[in-house]
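Work through the exercises below with the sequence and the model open side by side. Each task is followed by a solution in steps.

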Amino acid sequence: MPEGAPQDSAMAEISEAPTTSDPPNTKLEEDFDPKTMRKTKPGLKRLFLTLTVFISFVIALPFLLKSIEIYRAPLPFEDIDLLSTEMEKNLLLFPCQFQAVFVNFDDITAVNELGLLINSHMQKLTSENTPACGTCGNNFTVAVTIDSNSNCIHRESGSVNGKWQCGVLNGFDKLNDHDEAFDEYLASVLDSKNRKVYTVVVVNTKQEDVRVIVGKHRHAWIAGKVSVEKAVEKMAEIFIKVFVNGGNEEGSIRGEFMPVGADGKVVLSFSLLNSDPHDWVYDWDFKELDEILLAPVVDALKPVADISVESQVLYHTPKSSYSYWDDTQGSYIFSTKDLPFFVNSNEWHLDTSTAAGGRSKVLHFVLYVPSAKECPLKLQLPNREISMTNGFISPMWGGIIVWNPPACVENFQMQDLSRHKISSEDLKMISEVFMGQLRQLFGLKSDSLYVGRFATSVLLTSEKGFAEWELDVLSRHHTCFNLLQCGTTLGSLSRLVQSLPRMIIMDEIGKQVKYSLEAAKLSLGNVSLGYSDASAVSSRKARALAEDAFYHPSMMSVSYYSFEHCFAVYSPFFLPVSLHVLLAVIREWKRYKVENRKYLAWKVKLE
């Protein structure tokens, strides 16, 4: 090529060979402008290669996203929000059925007016406090029966199952002297074990002293010379204050202080502590204690909690609080001010249970045997009287009893250091105190009296430790607390999962959430039917599954990360390369369009 000849701007371009050989035309050669024309058709090879690289990146993008995809099992967010909202806004109230029976009231026949009067008094007592979750509120029905020598009148209300059989108390002579026998007789007549109906029977007698007895089942009775107005007041108080609220002055048992773990399990850990084994060593027949106290309790509380029992004997376990000698009492004294410092956490190795590190609740029951240097050791109450039980409780922790052995005298040291066993009589007394402490820990009264506004009621003690109406109270309040916790936990899980799109959600978590919602719905259905036991079991399962889902090990994993983190990891490599490929495609496309216009301009020139 001679010097000064114009050079094509696309020297490296591969052009298509001309298809025809036109004769040389000097005139056209002179009009040819290499800046605006070209004689050959531009090739597509460079554009094709660039597009191939770009398309390969586009095809590989879904595979890249799939490789960094986080598996998330589908969760029913709408159902979770519905349950959470329902538990927050709507108060959970049980339907309650009550039955009032008036025996030997010959001067009354207006059974409907009597029923309205009882209903009015009950609503008045209910309105004194804000209806608490797990109670009945105004969701109750009252059936009334007048059983007299001349009349047998019934007033049915709602769906109260069965009627009072008139005349069943005629000739019954154990009304005042044999409470246990009369209680069992009423239970057989009313079928209290199978029917969820709370009954109060008023027996009008010539006895001036009016006695109010609350039985071990779901009934109570009032015996004595009593007017209809006073009987109605006492009835309403028993229905609301005792059968519904459990004798609690605040109106309900606070479910958040129920000593039951998040998994619905409770471990009762019993420890016998020998403060100084150099003075004496005591052991106990725990099997006997289990038979007397624990076996009936574990069976009775099954709807509320899954209870297991363990025991141990420890030595060299001095207390950490101070005690002083009192000549008046003839014993060493420790006061209620010293109770927070009584437990020696450095020496008392109580948390040996395998459940101590989990979500199960451990309740400690400690029998403390003091050393000879501080024996006998007695607890002084704030009114400066000596405690009858010589024990105390710590809410949500357990209870402690200080047991002074029979050989407990001043400056006495037992010569025989062999192991001594606590007698059966002492063990029975200890079990009764432990039972009272357990009842207090569950929010119930430890004594057998309820002092109300209109009457003082005697509460018969059950061999199971809890009367049937008390178990109903526990079941209702525990159901309410479990469902509230279930809704809160699932709601927190839902918000957490939706706020972290990169969080791993395993299939097991999805199943646990699904089963938790099913158990919660079943519990709510049982609540609407008034089945307190079944609702407590279902609610306990719902809460346990919700807690298992929220605290699943995969949820605590650090392997998930945010999208911003993912972008920061992959962008230093893929962003520059992708940008260069994209710019190359754009540049080649523009170049091809320019060169193609030059070729078309040359063809027009030829024509």
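A residue is called buried under 20% relative accessible area, exposed over 50%, and partly exposed in between. The model is a predicted one.

**Exercise 1. Find where Asn390 and Met396 lie, and assign each to an accessibility class.**

Step 1. Asn390 sits in the loop between β13 and β14 (391-394). Its phi is positive, about 55 degrees, although Asn390 is not a glycine.

Step 2. The relative accessibility of Asn390 is 8%, so Asn390 counts as buried.

Step 3. Met396 belongs to the loop between β14 and β15 (398-402). Met396 also has a positive phi, near 70 degrees, and is a residue other than glycine.

Step 4. Met396 has 26% relative accessibility and therefore counts as partly exposed.

**Exercise 2. Describe the peptide bond from Cys375 to Pro376 and locate Pro376 in the chain.**

Step 1. Omega of the bond from Cys375 to Pro376 is near 0 degrees, and the bond is cis.

Step 2. Pro376 lies in the loop that runs between β12 (361-369) and β13 (377-380).

**Exercise 3. Lay out the open sheet of 5 strands and find what packs on the sheet.**

Step 1. Write down the strand order: β9-β7-β12-β15-β14, with mixed pairing.

Step 2. Mark the edges. β9 (306-315) and β14 are the edge strands, and each pairs on one side only.

Step 3. Add the twist, which averages 15 degrees from one strand to the next.

Step 4. Take the pair β12 and β15. These strands run parallel and are joined by 5 bridges. Within this pair, Tyr368 has Val402 of β15 as its bridge partner.

Step 5. Place the helix. α8 (residues 424-441) packs on the sheet and touches β7 (265-274), β12, β14 and β15. The direction of α8 makes about 145 degrees with that of β12.

**Exercise 4. Compare a UniProt annotation at residues 47-65 with the modelled chain.**

Step 1. Read the record. The unreviewed UniProt entry places the feature "transmembrane region" at residues 47-65.

Step 2. Read the model. Over residues 47-65 the chain is 100% helix and 0% strand.

Step 3. Take the span. The end C-alpha atoms of residues 47-65 are 27 Å apart.

Step 4. Keep the two sources separate. The feature name comes from the UniProt entry, whereas the helix content and the distance are computed from the predicted model.

Note on methods: Residues are numbered from 1 along each chain as its sequence is written. This is a predicted model: local features need pLDDT of at least 70, side-chain atom pairs count only at pLDDT 80 or more; totals for chains, interfaces and linings use all residues. Side-chain values use heavy atoms; hydrogens and water are left out. Helices (H or I, at least four residues) and strands (E, at least two) are DSSP runs, numbered from the N terminus. Buried means under 20% relative accessible area, exposed over 50%, partly exposed in between (1.4 Å probe, protein chains only). UniProt positions are given in the numbering used here, feature names are shortened, and annotations may be inferred rather than shown by experiment. Two strands pair if DSSP finds at least two bridges between them. Axes are lines fitted to C-alpha atoms, for helices over the stretch in contact, and angles run from 0 to 180 degrees between N-to-C directions. Contact means heavy atoms within 4.5 Å.
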